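Trainee: I have not seen this structure before. Could you take me through it, one question at a time?

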Amino acid sequence: MKNSEELKEIVKEKYGPIAEQDKSINAASCCGATTASIKVYNIMMDDYSDVEGYEADADLGLGCGLPTQYAHIAEGDTVIDLGSGAGNDCFVARHETGVEGKVIGIDFTPSMITKARINAEKLGFNNVEFIEGDIDDIPVTNEMADVVVSNCVLNLVPDKEKVIREIYRVLKPGGHFSISDIVLVGQLPDALKKDAEMYAGCVAGAIQKVDYLDHIKQSGFKGIQIQKEKVITIPEDILYKYLSESEIIQFSKGETGIFSISVYAEKPGQKLEKPRLNSQNYGQIAVNPVPVAVNIMKHNKLTFFPKLVAAVKSLSIDSISRERKDMLQVLIQYIRQRLDDKRDVKLNFICTHNSRRSQFAQIWAQTAADYYGIEVKCYSGGVEVTSFNERAVETIKAEGFMVTKIGERNPTYSIFHSQNAEPISAFSKLYDDPVNPASKFSAIMTCSHADENCPYIPGAEARISLNYEDPKEYDNTKEEEMKYNERSCQIAAEMFYVFSMIEK
Ligand SMILES: C[S@@+](CC[C@H](N)C(=O)[O-])C[C@H]1O[C@@H](n2cnc3c(N)ncnc32)[C@H](O)[C@@H]1O
């Protein structure tokens, strides 16, 4: 018997490749299972093509209903879609909420999130975000949603009661949900339920309809209604694969069966007047951030991710040596001077490959500046283009930054330190790349090699040496992770020291 975590891993592994493949392949089965017949699952899927807001690239053919059709989404609503896949229902919901609303898709399969974000970017929506997370621990604060929708997902979750309690928690008083799902009526033979392919095919993890509705009721919801119900016809090839002759006869009598339902329920309480986008509290989102940044001005109050704040608080600023402080003083003075002169402050961190130290320095300097609300723009570059090293990317993720990636060779990473800030864009580039300032900047040399080999940086009005040791020396050793973390934390501590001194 597999435990919950193992079952979730099976589901996650299943949906990774499904995100990459075409709808026509997935459409051969509900939820992308590979063994089933087209006949069954075309019955499960609803046709979205005429639905307003429908985005074909987001439709992977994985649904078993059309919850947004029954969800009574109003303009300005905040909607959460649980198990959002490539965003199919999110974009339909966005059509209903309009620009003043907000749609948050949550899915635990990273490639689904990536695909959904690409779709959102392509559509240019700045109020649809996708968060990587588990829906049995929904990564948003209490009472933030007007509406929750979900399409063919709860059946995949081992602890459905927990998810329903979570839905209750995240809904505002007076909020409601509409969820499409697969449920069972009567006892299905074990052979069918145990099959892992069928599990990811949305049947083996499905529970009895009465139990499903009972969990909803026990969680405190009112006004529970089944808005739509369809029987799922099982074709003979599948029945013969899993059932004996006698079981098939029993099944076809119709007392047992598999159903797709859309169920609605309300959280008791009085609905308050809707807040507008700019004053909306999206809460401390604990996992991935807004890939298409919410349109809030930088230097408004930023909500830094809690894990990152904890990492910053644990930095050893006090242990920065006197010698290093003297070196940092040059940078402090440069920044102070420019701010006093009311001129833009542009810092270009330079290292040979722009792959580790200069990236750490750009990210931490920008984060520290934003943290203290100091108007500074940080850049990075090198003398050779490689890529932002993946170990370094993992290091900053572990420290609490949220990271999205586009591309394969020398990918562009968007690094978020807080929910409502613009991302820091990170990729390997030359120090004089067009995205970097051409003049009136300070070149900060973060490695001795670049420091020695680039005596002249055109356009730089100041040059500061702040060399760091290369964690690369420890690649593929037992100390690798520790050394990357050590270097990142050293740079972080120094940058926070610099900007804390400027704040004083
Ligand atoms: C059948 S697909 C449905 C996708 C989407 N709702 C649609 O209709 O296109 C199920 C989705 O739920 C996600 N999922 C399953 N269990 C989950 C969990 N515990 N937390 C978050 N996402 C989950 C999967 O990664 C997958 O993307």
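Trainee: How many helices and strands does the protein have?
Mentor: This is a predicted model. Both kinds of element occur along the chain. The count is 17 helices and 14 strands.

Trainee: What is the mean pLDDT of the protein?
Mentor: Of the residues, 86% reach 70 or more. Over residues 32–43 the pLDDT is below 50, and that stretch has 31 contacts beyond near neighbours in sequence. Residues 275–300 are also below 50, with 59 such contacts. For the protein, the mean pLDDT is 84.

Trainee: What share of the residues is buried?
Mentor: A residue is buried if 20 or more other C-beta atoms lie within 10 Å of its own. The protein has 504 residues. Buried residues make up 48% of them.

Trainee: Among contacts between residues at least 6 apart in sequence, what percentage joins residues at least 24 apart?
Mentor: Start from the contacts in the protein between residues at least 6 apart in sequence. Then keep those that join residues at least 24 apart. The share is 76%.

Trainee: What is the order of the strands in the open sheet of seven?
Mentor: Its pairing is mixed. β3 (128–132) and β6 (222–232) stand at the edges with a single partner strand each, so one side of each is left without a neighbour in the sheet. Neighbouring strands are turned by 15° against each other on average, direction ignored. The order is β3-β2-β1-β4-β5-β7-β6.

Trainee: Which residue of β3 is the bridge partner of V103?
Mentor: Look at strand β2, residues 102–107, which pairs with β3. The two run in the parallel sense over five bridges. In β3, the partner of V103 is V128.

Trainee: How many residues of β5 are buried?
Mentor: β5 covers residues 171–185. Six bridges join it to β4, in parallel, and S150 has I179 of β5 as its bridge partner. β5 is largely enclosed by the rest of the structure, because most of its 15 residues are buried. The count is twelve.

Trainee: At about what angle does helix α6 run to β5?
Mentor: Helix α6 takes in residues 160–170. It lies across β1 (78–82), β4 (145–151) and β5. Its angle to β5 is about 160°.

Trainee: Which element gives the most residues to the shell around the ligand?
Mentor: There are 24 residues around the ligand, and G63, G83, G85, F108 and T109 come nearest. The elements that give two or more are α1 (4–20) and α4 (88–97). By class, the shell has twelve nonpolar, seven polar and five charged residues. With three residues, the element that gives the most is α1.

Trainee: Which strands are at the edges of the open sheet of four?
Mentor: The order is β9-β8-β13-β14, with parallel pairing. The twist averages 25° from one strand to the next. Pairing on one side only, the edge strands are β9 (377–381) and β14 (460–465).

Trainee: Which residue in β14 stands opposite A443?
Mentor: Strand β13, residues 441–445, pairs with β14 in the parallel sense over five bridges. Helix α13 lies across both strands, at about 155° to β14. Opposite A443 stands R463.

Trainee: Why is β8 largely enclosed, and which of its residues lie on the side opposite K346, N348 and I350?
Mentor: Five of the five residues of β8 are buried, so the strand is largely enclosed by the rest of the structure. In a regular strand the side chains alternate between the two faces of the sheet. Both faces of β8 are covered, with K346, N348 and I350 buried on one side. Buried on the other are L347 and F349.

Trainee: Which residue in β9 stands opposite F349?
Mentor: Five bridges join β8 to β9, and the two run parallel. Helix α14, residues 357–371, touches β8, β9 and β13, and its direction makes about 175° with that of β9. Opposite F349 is S380.

Trainee: Is D344 buried, exposed or partly exposed, and what puts it there?
Mentor: D344 is in the loop between α13 (322–340) and β8 (346–350). Its C-alpha atom is separated by 7.0 Å from that of V376, 32 residues apart along the chain. D344 has 13 C-beta neighbours inside 10 Å, so it counts as partly exposed.

Definitions and conventions:
Residues are numbered from 1 along each chain as its sequence is written. This is a predicted model: local features need pLDDT of at least 70, side-chain atom pairs count only at pLDDT 80 or more; totals for chains, interfaces and linings use all residues. pLDDT is the predictor's confidence in each residue, from 0 to 100. Two residues are in contact if their C-beta atoms, placed from the backbone, lie within 7 Å. A residue is near a molecule or strand if its C-beta atom, placed from the backbone, lies within 6 Å of it. Ala, Val, Leu, Ile, Met, Phe, Trp, Tyr, Cys and Pro count as nonpolar, Asp, Glu, Lys and Arg as charged, and the others, Gly among them, as polar. Two strands pair if DSSP finds at least two bridges between them. Axes are lines fitted to C-alpha atoms, for helices over the stretch in contact, and angles run from 0 to 180 degrees between N-to-C directions.
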